[in-house]
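Here is a brisk report on one protein chain. Sequence and structure come first, then the notes.

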Amino acid sequence: MKREILDEYEKIKDKISKEEFLKQLEERKKEYDVGFIDEVDIAHMIVGEYLNQENKPLSEREYKIADIAEMEGADRNLKIIGRVLRISNIRSFINRAGKEGKVANVLLADETRKIRAVFWTPNIKLLKKFKEGDIIQIEGFQVRGGFAGRKEIHLQPRATIKVLDPEDHPNIPEYKEEITPIAEIKEEDEEVNIIARITRISRIRTFERNGREGKIASMELKDETGKITYTLWNRDTELIKNLPLKEGDAIKVLGAQTRKREGEVYLTHHGLTRIIKGDFKVPEVEEKILKIGDLHEERDVNVIGLVTKVHDKINFERADGTTGSLRSLEIMDDTGAVRVTLWHEDADLDIKKGDIIKIEGGNVEFDNYTSSYRINTNWNTRITINPEEDTGLIKVLKEYREHLKPAKISSILEMEDEGEEVDVVGRILSLRDPREFQREDGVGIFRSMELADDTGVIRP
């Protein structure tokens, strides 16, 4: 037995035997089955129950109603009354024993303050008893320190909830669900509610920070006033599958947090945010595919093109010592060609010459070095290789793909214009040793060979 647990038992050894204490400890460990409360915390909880009351069964205990602003201490038998302002989505986690658990947060308010109530696996079923706007009474919880030192309550496994008549509690503030149009979201560090349609969902990406792996996914949301990016982190990315969410769904988001990146406002999901699917009145999704010949400096564009060239991946080191990678492609449609730069995970996509790719959410920038436009992918971009869409453009690109096949050597020998890029397949007849040559920026190396197919021989 841990020394800390024995120290806890010493506080109540005149009230309960060690055997009974250990029995209760084991029972509580099974009831909680969560990764964030260890056995020392549970022992502390049991001790607190004995120190703050007579040893009565749970059904006979008397609870004191406490104002949210007055609650303190981790082991007082209190009951709380408050209005439900927010119910988060249920999230799953893996506890220390390797078992899956569930957790959800509920934001409560009375006339004194707001507080977060944490519902663990045994309490999840209680969420069906109430909704936003209800006034509820909770019995059976602990008061604990939460994020940034703010107090929060954690429900015990045998907690109970009762929905109360609002007329009996006229002093508790009313519930107001204000919906903010996307175009009016301009400030950082605010909580907003929106109703919008999902126009794009990125794939879930992984990243490393401080030696730990994280996940990120984003959705593009649109209402009648504008569009905005909505970001999900780590286990919240599982909501895309669990709700489930797909492009075209209309959703209500309650309590999204506003953030800014490079001067642009976006939304992020946090522990008290809730996503609700529904038949909400929002514009239908209208996908706009830009032709390459019409590209100009613009963010968040969609393009479909035929891959005509694939460059090698380049790895690089950032100023902070971390590494990244990029890879360049050249794509074309029936109006022109453009270079595409794939960053980080996108650089590892299995894209080959002759593939048709759909880029959703790329950023078009003017490249001063080449005096032309290029498309950059970003953390919010989605790339589909050989999309199954049956559009006129894709049919045209499939026809163009036939011209990308390797040329016969005889046809290359007949070409009059120089500088044309071609692919060729052949057998090496001879291979000469590498040779050096002098150039303005140093020494270069070249090597020649003879290549043959069934139509002729050429020296690359």
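## A buried asparagine

N193 counts as buried, because its relative accessibility is 13% and buried means under 20%. This is a predicted model. N193 sits in strand β8. A polar atom of the N193 side chain lies 2.9 Å from the backbone nitrogen of G255.

What is N193 in contact with, leaving aside its neighbours within four places in sequence? One set of partners is E177, E178, I179 and T180. The others are V253, L254 and G255. G255 thus appears both in this contact list and in the 2.9 Å pair with the N193 side chain.

## The loop after β8

Strand β8 covers residues 191-201, and β9 covers 205-209. S202 lies in the loop between them. Is S202 buried or exposed? S202 is buried, because its relative accessible area is 7% and the cut-off for buried is under 20%.

Leaving aside neighbours within four places in sequence, S202 is in contact with A217, S218 and N380.

## Strand β6 and its partners

Strand β6 spans residues 135-145 and is mostly covered. Eight of its 11 residues are buried.

Strand β2, residues 78-87, is joined to β6 by five bridges. The two run antiparallel. I80 has I138 in β6 as its bridge partner. Strand β7, residues 151-164, also pairs with β6 in the antiparallel sense, over 10 bridges. In that strand, K151 stands opposite G145.

## One side of helix α5

Which residues of helix α5 are buried? The helix runs over residues 392-401, and its buried residues are L393, I394 and L397. They lie on the same side of α5, because they cover an arc of only 95 degrees around the axis. An α-helix has 3.6 residues a turn, so residues three or four places apart point the same way.

What do these buried residues pack against? Their partners are three strands: β15 (298-310), β17 (323-333) and β19 (356-367).

## A three-stranded open sheet

Three strands form an open sheet in the order β22-β25-β26. The pairing is antiparallel. The edge strands are β22 (427-431) and β26 (456-458), and each pairs on one side only. On average, neighbouring strands of this sheet are turned by 25 degrees against each other, direction ignored.

How many bridges join β22 to β25? There are four, and the two strands run antiparallel. Strand β25 holds residues 449-453. L451 in β25 is the bridge partner of I428.

## The chain as a whole

The secondary structure comes to six helices and 26 strands. The chain has 460 residues, and 42% of them are buried. N193 and S202 are both buried.

Take the contacts with a separation of 6 or more. Residues 24 or more positions apart account for 60% of them. The exposed area of the chain is about 26,500 Å². Carbon and sulfur atoms supply 46% of that area.

Conventions:
Residues numbered from 1 in each chain as written. Predicted model: local features only at pLDDT ≥ 70, side-chain atom pairs only at ≥ 80, totals over all residues. Heavy atoms only, no water. Buried < 20%, exposed > 50% of the residue type's maximum accessible area, 1.4 Å probe, protein only. Contact = heavy atoms within 4.5 Å. Pairing = 2+ DSSP bridges. Axes fitted to C-alpha atoms, helices over the stretch in contact; angles between N-to-C directions. Areas by Shrake-Rupley, 256 points an atom, 1.4 Å probe, with all protein chains shown as cover. Polar contact = N/O pair within 3.5 Å; in protein donor to acceptor, adjacent residues only side chain to side chain. Arc of directions from axis to C-beta.
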